[in-house]
Amino acid sequence: MNTEKLRVKVWRSGAKGLVTYDVPRHESQTVLDVVTFIQRQMQPDLAYRFACRVGMCGSCAMNVNGKARWTCRTHVSKVAINNELEVAPLSNLPVIKDLVTDMSAFFEKWSRAKGQFSGSRTRHEDFAKVSPESAQRKAADAGIECIGCGVCYSSCDVVTWRPDYLGPAALNRAWTLVNDERDMQRIERLRAVAGDAGCHSCHTQATCTERCPKHLSPTAGIAGLKRMTMKAALEGDL
Amino acid sequence: MQSMSLATQARLWYWQRMSATVLALCVFVHLGIIIYAVHSGLSASAILGRTHGNLLFGAFYTVFVIACAVHVPIGLLRVAQEWLHWRGRSAVSASFAISAGLTLMGLRAVYGVVL
């Protein structure tokens, strides 16, 4: 029988701090497995959020040993230091309880950045034919796999400094849409993402890109938005 | 920078970027000049002997000063916003003042060394 233990410090709202739990260590154990074990076996009122457990839904992101990560795809063996883990809620978002944050502001910013696709065709028309080889489509494809986990938003210092900043995920979403040749709201979107609460606030520190679990580069998208808004300003569209 | 239009903010970003490119080149040349200058004495007369009347030297440092005067205030405006939460017209005016100060002091120095 495996007697190895993992010492896990979990942020609890009630205690207003970290509470330590000893969890049995298993092979191929993920951080989400650890949190689930604590809730099911030791602390039934521990609040945390997850759904798919396979890295698709983006709901289980937490700060693990000080860095935001998707916990369902983060192996304990990769992040534990001396068999110790520290699990806390995401940064830059208000905590509802324990490990659960209120992500309303995060998603409202997607909306503010005009993150909705706005096409011109109806269901009665033929499909738009978009070449996957076009430079625009390639740029959109590079950022399209975002799962909205909030890891980038939690890791962004600019969001910490100025809470009205749209953040990497919303800007990445806008970047994929301004490169979508079917979309009709390009200029409105560029207006929405320009300025000091938008792409021009990015310091290009690239922590978002470093931490993105899907290996996307919001930094590259934001740099693209800066160039695109500049061009729009020169053409008098901004 | 809420007092500025989106187009102005986009242009400021552009100018900061362009001035950064100029500064990157200038710093390299400047380092080269320093290494060259210290080879034969660092006395004021030795340096002035080399720089007086050198219009190329004057043109280079004029560009350097102007690039600084463009680049620095835009960055300071950002620092004022994020660190001090100082925004609006007063922050913009202060940045302009610093830019003017840098231009005046820098060009005066170039004038003093070259002419």
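In this predicted model, the C-alpha centres of domain 1 and domain 2 of chain A lie 29 Å apart. The first of these domains covers residues 5-101, and the second runs over residues 104-234. Each side brings 15 residues to the contact: 15 from domain 1 of chain A and 15 from domain 2 of chain A.

A closer look at the domain 1 side is helpful here. Two strands of chain A, β3 (61-64) and β4 (67-70), each supply at least two of the residues with which domain 1 touches domain 2. The largest share, four residues, comes from β4(A). Sorted by class, this side of domain 1 of chain A holds seven nonpolar, five polar and three charged residues.

Helix α1 of chain A (residues 31-42) invites a simple check of its geometry. With twelve residues at 1.5 Å a residue, α1(A) should span 16 Å, and the distance of 16 Å between its end C-alpha atoms therefore agrees with expectation. Five names make up the list of buried residues in α1(A): Val31(A), Leu32(A), Val34(A), Val35(A) and Ile38(A). These residues lie on the same side of α1(A), because they cover an arc of only 165° around the axis. Such a pattern has a familiar background: an α-helix has 3.6 residues a turn, so residues three or four places apart point the same way.

The surroundings of α1(A) complete the picture. The cover over its buried residues includes the chain A strands β1 (5-12), β2 (17-24), β3 and β5 (84-88), together with helix α2 (76-79) of chain A. On the face of α1(A) turned away from the buried side, Arg40(A) and Gln41(A) are exposed.

Note on methods: Residues are numbered from 1 along each chain as its sequence is written. Chains are lettered from A and ligands numbered from 1 in the order in which they are written. This is a predicted model: local features need pLDDT of at least 70, side-chain atom pairs count only at pLDDT 80 or more; totals for chains, interfaces and linings use all residues. Domain bounds come from an automatic or database domain assignment. Two residues are in contact if their C-beta atoms, placed from the backbone, lie within 7 Å. Ala, Val, Leu, Ile, Met, Phe, Trp, Tyr, Cys and Pro count as nonpolar, Asp, Glu, Lys and Arg as charged, and the others, Gly among them, as polar. The expected span of a helix is 1.5 Å times one less than its number of residues. A residue is buried if 20 or more other C-beta atoms lie within 10 Å of its own, exposed if 12 or fewer, and partly exposed in between; C-beta atoms are placed from the backbone. The arc is that of the directions from the helix axis to the C-beta atoms.
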